[in-house]
Amino acid sequence: MRIIVCKNYDELSEKAANIVASQLTLKPDSVLGLATGSTPLGTYKNLVKMYNEGEIDFSAVKTFNLDEYYPIKKDNSQSYDKFMKDNLFSGINIKPENTHIPDGETDNPTAECEAYEKAIKENGGIDLQILGIGQNGHIGFNEPDVNLNSFTHLTNLTENTIKANSRFFASSDEVPRQAITMGIASILKARKILLLASGANKSRVVGELLNDGINTSVPATLLKTHPDVVLICDEDAYSGSKLGVDIGGTNIKFAVIEGKNLLFKCKIKTPEKSDDIINAICDKTIELKKEYNIKSAGIGTPGTIKNGLVTADNLPFDDFPLEKVIAEKTGLYISVDNDANCAALGELIFGNTKDCEHIILVTIGTGIGGGIIMNRQICHSNNNMGEIGHFIIQSEKGRECTCGQKGCWEQYCSATALVKDAEKAAEKDTESLLYKRMRENGKMDGETFFKALDEGCKTAEKVYKHYIKYLARGIESLVNIFGPDAVVLAGGVTQQGDKLLKPLYAELKKDIRIEISSLQSDAGALGAAML
Ligand code: F6R
């Protein structure tokens, strides 16, 4: 099975329509197998557009629809007959006599099924079959525990399908309880199959399709026996249940994601020894794997990862094969990346910058960390890429940095730097409110600084102006180099919201979109799940 994962439904619809168009270019008298439901609507829209623009011609095309409710009148607004006329046939130059849909009005469904199957055969068989997939894995109306050898037949709908399809009817009582559908054997006879899946509500079944064996209880898995199937799905449908783990110096965070929905999150204290860290991660992972049917996990860790080996200063990992060890212990497919990279990915997928292709995450804490996403992918290299806190913003006279360089950005713009500058300024101006507040608190910290700033302390204002100036220059430099759609700021300082954004925008000399992280410390585990 070939799998194409699209960013969203529109892209999926365009790709599917292009495949149909190519089929018609190669064989203008193709026999198409068609599906109804919400998934192929975008594909049909694109086909109508392509026809109107003279790109494709349906004059010699024949179609056979997968199914029709039974019994149902053709003019019922929910009949598939009406659906096809409204959504495709009326917009293209197909000859009505070349379109075939099982007759939901017939008194003799058995004869109708036989005649339908015969007609497919007499027209040369289906060249390209379009399929949607039910949440329970049905294709056409071939419900779970399907008969492998079935051709077109009358079938009972399951409660699950009646419930799913009741969204189109006034109530679930109005959904017909039966349907005429092409069977699994009819579908598998098609020369080529295009299976479409969109939306998070399909992610579980797509996960089963891709990860489980061939199984009549998930009819779509039978497509794996066909030599030419293309699955086109959007990111929401592709994801399945995934676990994200974010290893921090204090806590290890876990997040279970289905599609793009957060199902569960929790954290545990980070043990001191590496063996205990691994055991703690594996125990929790195995527990969650069972509960949520997880197929894969991503892990964000501090430090660097070279050839699968993790080295982190503030954790007991030195060339440690984290990915391999956890995969062996949990039986899951595991990916590992730097924690800041994971957080940046989390921001892109779940945060305020979902609409972006390229973002930079700047995490302002003890130091400055960050991740760079270009074309919706984490930027990697084997040489510590993304250490944005250590680009040099002040030449030789710059402040000494723990990394051995002078003038690193984080020496001016981390939360630590802000507190240090505030402390120095307070000590220098003992008449200031900043000094007074520091004495009251017993030490300088972020809260004390912002309190004095709120109270209009001139000394605090001076410190903040200096801080914002350096923050703006650093962000401008990053934007000059990478040209992101947005810069996302995270970390304690960003809790100031507009008090940070307003002066920052006023200081910036470029037109830059700045977002404050809506996920903050959850971004790492969320992004890790999507690695
Ligand atoms: C439609 C059909 C069904 C649907 C399936 C998914 O002709 O046979 O198998 O493809 O129920 O429906 P949607 O696309 O509405 O989620």
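1. Let's start with Arg376. In this predicted model, Arg376 has a relative accessible area of 15%, so it counts as buried. You will find Arg376 in the loop between β20 (368–374) and β21 (377–378). Its backbone deserves a look too: phi of Arg376 is near 60°, a positive value in a residue other than glycine.

2. A second residue invites the same kind of look at phi. For Asp319, phi is near 50°, again positive in a residue that is not glycine. Asp319 sits in strand β17 (residues 317–320), whereas Arg376 lies in a loop.

3. While you are checking the backbone, please turn to Tyr70 and Pro71. The peptide bond that joins Tyr70 to Pro71 is cis, with omega near -10°. Pro71 belongs to the loop between β4 (67–70) and α3 (80–87).

4. Now for the overall picture. The protein has 531 residues, of which 54% count as buried. Its secondary structure comes to 18 helices and 23 strands. Along the principal axes, the C-alpha trace spans about 95 × 50 × 45 Å. Take the contacts with a sequence separation of 6 or more: residues 24 or more positions apart account for 70% of them.

5. Next, the interior. In soluble globular proteins, nonpolar side chains tend to be buried together. Here the largest nonpolar core has 46 residues, and those with the most contacts inside it are Val362, Leu434, Phe449, Tyr467 and Ile475. Which helix gives this core its largest share? That is α16 (residues 458–482), with eleven residues. Apart from this core lies another, of 31 residues, including Cys6, Leu12, Ile101 and Leu196.

6. Ile475 is a good residue to click on, being among those with the most contacts inside the largest core. What does Ile475 touch, once neighbours within four places in sequence are left aside? Its partners are Trp409, Val487, Leu489, Leu504, Leu508, Ile512 and Ile514.

7. Helix α16 also packs against helix α15 (residues 446–454): their axes come within 8 Å and cross at roughly 115°. The two helices are therefore roughly perpendicular. In passing α16, α15 makes a left-handed crossing. On the α15 side the contact involves Phe449, Phe450, Ala452 and Leu453, and these meet Ala460, Glu461, Val463 and Tyr464 of α16. By class, the residues of this contact are seven nonpolar, no polar and one charged. Phe449 appears here as well as in the list of residues with the most contacts inside the largest core.

8. Val463 leads on to helix α13 (residues 415–428), where Ala425 lies. Not counting residues up to four places away in sequence, Ala425 touches Leu434, Thr459 and Val463. Is Ala425 buried or exposed? Its relative accessibility is 16%, so Ala425 counts as buried, the cut-off being under 20%. For a sense of distance, the C-alpha atoms of Ala425 and Ala506 are separated by 23 Å, while the two residues are 81 apart along the chain.

9. Lys424 lies in helix α13 too, and it makes a handy contrast. With 59% relative accessibility, Lys424 counts as exposed, whereas Ala425 is buried. From Lys424 to Val463 there are 39 residues in sequence, and their C-alpha atoms are 9.6 Å apart in space.

10. Finally, move to another helix pair, α1 (residues 9–26) and α2 (residues 41–52). Their axes are 8 Å apart, and the helices pack at an angle of about 55°. That angle makes α1 and α2 oblique to each other. The crossing as α1 passes α2 is right-handed, whereas that of α15 with α16 is left-handed. From α1, the contact draws on Tyr9, Ser13, Glu14, Ala16, Ala17, Asn18, Val20 and Ala21; from α2 come Leu41, Gly42, Thr43, Asn46, Leu47 and Met50. Sorted by class, this contact has eight nonpolar, five polar and one charged residues. Set beside it, the contact of α15 with α16 has no polar residues.

Notes
Residues are numbered from 1 along each chain as its sequence is written. This is a predicted model: local features need pLDDT of at least 70, side-chain atom pairs count only at pLDDT 80 or more; totals for chains, interfaces and linings use all residues. Side-chain values use heavy atoms; hydrogens and water are left out. Axes are lines fitted to C-alpha atoms, for helices over the stretch in contact, and angles run from 0 to 180 degrees between N-to-C directions. Helices (H or I, at least four residues) and strands (E, at least two) are DSSP runs, numbered from the N terminus. Angles under 35 degrees count as roughly parallel, over 145 as roughly antiparallel, 65 to 115 as roughly perpendicular and the rest as oblique. A crossing is left-handed if the near helix is turned anticlockwise from the far one by less than a right angle, and right-handed if clockwise. Contact means heavy atoms within 4.5 Å. Ala, Val, Leu, Ile, Met, Phe, Trp, Tyr, Cys and Pro count as nonpolar, Asp, Glu, Lys and Arg as charged, and the others, Gly among them, as polar. A nonpolar core is a set of buried Ala, Val, Leu, Ile, Met, Phe, Trp, Tyr and Cys residues joined through side-chain atoms within 4.5 Å. Buried means under 20% relative accessible area, exposed over 50%, partly exposed in between (1.4 Å probe, protein chains only).
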